[in-house]
Amino acid sequence: MKFILNKTLGINEIDGISFKKIIEILGRASKIKLELGKDNFDLNITLEYKQLELIVNYGVNFYLGTRIPEFQTLFFIVNKLYLDNEVIKIGEDVRRVFTKIKRYAKNNYKIFSYEFNIEEYSGSYDFNDLDLTIYFEKYGKKRIIDGMYVSLPYEDNPNISDIGEILKLDVLKNIFESK
């Protein structure tokens, strides 16, 4: 399956936080991991699609000491991402990827801006207007892509009634039944 950066947000027409839509478009995950945060207040769900080489990470955070949801987040970890007619992938030189992202931003009337973080052996570029983060490893003077995250904007005060359904295994039940 090709993972195509949407013109607005997300990938493959998934432009909002919806497990139902993720399952409809991507199918059933090969592995699911549920984690409760400190004091059982925050919830993280990871859907791994081994055949697609994709990981979907979801998190919902609650106001401190309450069961009231504060915000939720979702992002996709991909190995290869299509930007219109171009492809960026793990293992490419950052300079080539940078050129492709700049061209994509210009062609889609997006602002080409980024935040840069570098450490001794690695770093990242966060392209805010595209909700895309590129991670790299340094090899001498070369910087090689070793991770790509496509984020959806976090949602404040989310209606997480879907989470209740997920925890009741209404959505995940179908995934486990296929095993």
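In this predicted model, Glu-137 has Ile-144 of β10 as its bridge partner. The pairing belongs to an antiparallel match between β9 and β10 that extends over 8 bridges. The two strands form a hairpin with 2 residues between them, and here Gly-140 takes a positive phi near 65°.

On its other flank, β10 (residues 142-156) meets β4 (residues 69-78), again running antiparallel, with 7 bridges joining the two. Two of the facing residues are easy to pick out: Phe-71 sits opposite Asp-156 in β10, and Ile-77 has Tyr-149 of β10 as its bridge partner.

Step back, and these strands turn out to be part of an open sheet of 8 strands, paired antiparallel in the order β1-β2-β3-β4-β10-β9-β8-β7. The edges are taken by β1 (31-36) and β7 (115-118); each has a single partner strand, so one side of each is left without a neighbour in the sheet. On average, neighbouring strands here are turned by 15° against each other, direction ignored. As for what holds such an arrangement together, strands of a sheet pair through backbone hydrogen bonds, either parallel or antiparallel.

Two helices come up against this sheet. Helix α1 (residues 19-26) lies across β2 (43-49), β3 (54-62) and β4, and runs at about 5° to β2. Helix α2 (residues 94-107) packs on the sheet too, touching β8 (122-127), β9 (132-139) and β10, with its direction making about 40° with that of β10.

Val-56 gives a closer look at the α1 region. This residue is found in strand β3, and it counts as buried because its relative accessibility is 1%, where the cut-off for buried is under 20%. Leaving aside residues up to four places away in sequence, Val-56 touches Ile-22, Leu-26, Ile-45, Thr-46, Leu-47, Tyr-49, Leu-74, Phe-75 and Phe-76. Take Phe-76 from that list: Val-56 and Phe-76 are 20 residues apart along the chain, yet their C-alpha atoms are separated by 4.6 Å.

Then there is the pair formed by β5 (residues 80-83) and β6 (residues 86-89), which run antiparallel and are joined by 4 bridges. In this pair, Tyr-82 stands opposite Val-87 in β6. Like β9 and β10, β5 and β6 make a hairpin with 2 residues between the strands, and Asp-84 in the turn has a positive phi of about 55°.

Taken as a whole, the protein has 4 helices and 10 strands. Read from the N terminus on, the elements go α-β-β-β-β-β-β-α-β-β-β-β-α-α. Of its 179 residues, 40% count as buried. Among contacts with a separation of 6 or more, 44% are between residues 24 or more positions apart.

What about empty space inside? The count comes to 1 cavity of 30 Å³ or more, and about 30 Å³ of space lies in the largest cavity. Its lining is made up of Leu-5, Asn-6, Lys-7, Thr-8, Tyr-104, Lys-110, Asp-129 and Leu-130. By type, these lining residues divide into 3 nonpolar, 2 polar and 3 charged.

Terms used:
Residues are numbered from 1 along each chain as its sequence is written. This is a predicted model: local features need pLDDT of at least 70, side-chain atom pairs count only at pLDDT 80 or more; totals for chains, interfaces and linings use all residues. Side-chain values use heavy atoms; hydrogens and water are left out. On a 1 Å grid over the protein atoms alone, a cavity is a set of points where a 1.4 Å probe fits but cannot get out, and a pocket is an open set with protein on both sides within 12 Å along at least five of seven lines; lining residues have an atom within 4 Å of a point. Grid points are joined across faces, edges and corners, and a volume is the space filled by probe spheres set on the points. Ala, Val, Leu, Ile, Met, Phe, Trp, Tyr, Cys and Pro count as nonpolar, Asp, Glu, Lys and Arg as charged, and the others, Gly among them, as polar. Two strands pair if DSSP finds at least two bridges between them. Axes are lines fitted to C-alpha atoms, for helices over the stretch in contact, and angles run from 0 to 180 degrees between N-to-C directions. Contact means heavy atoms within 4.5 Å. Buried means under 20% relative accessible area, exposed over 50%, partly exposed in between (1.4 Å probe, protein chains only).
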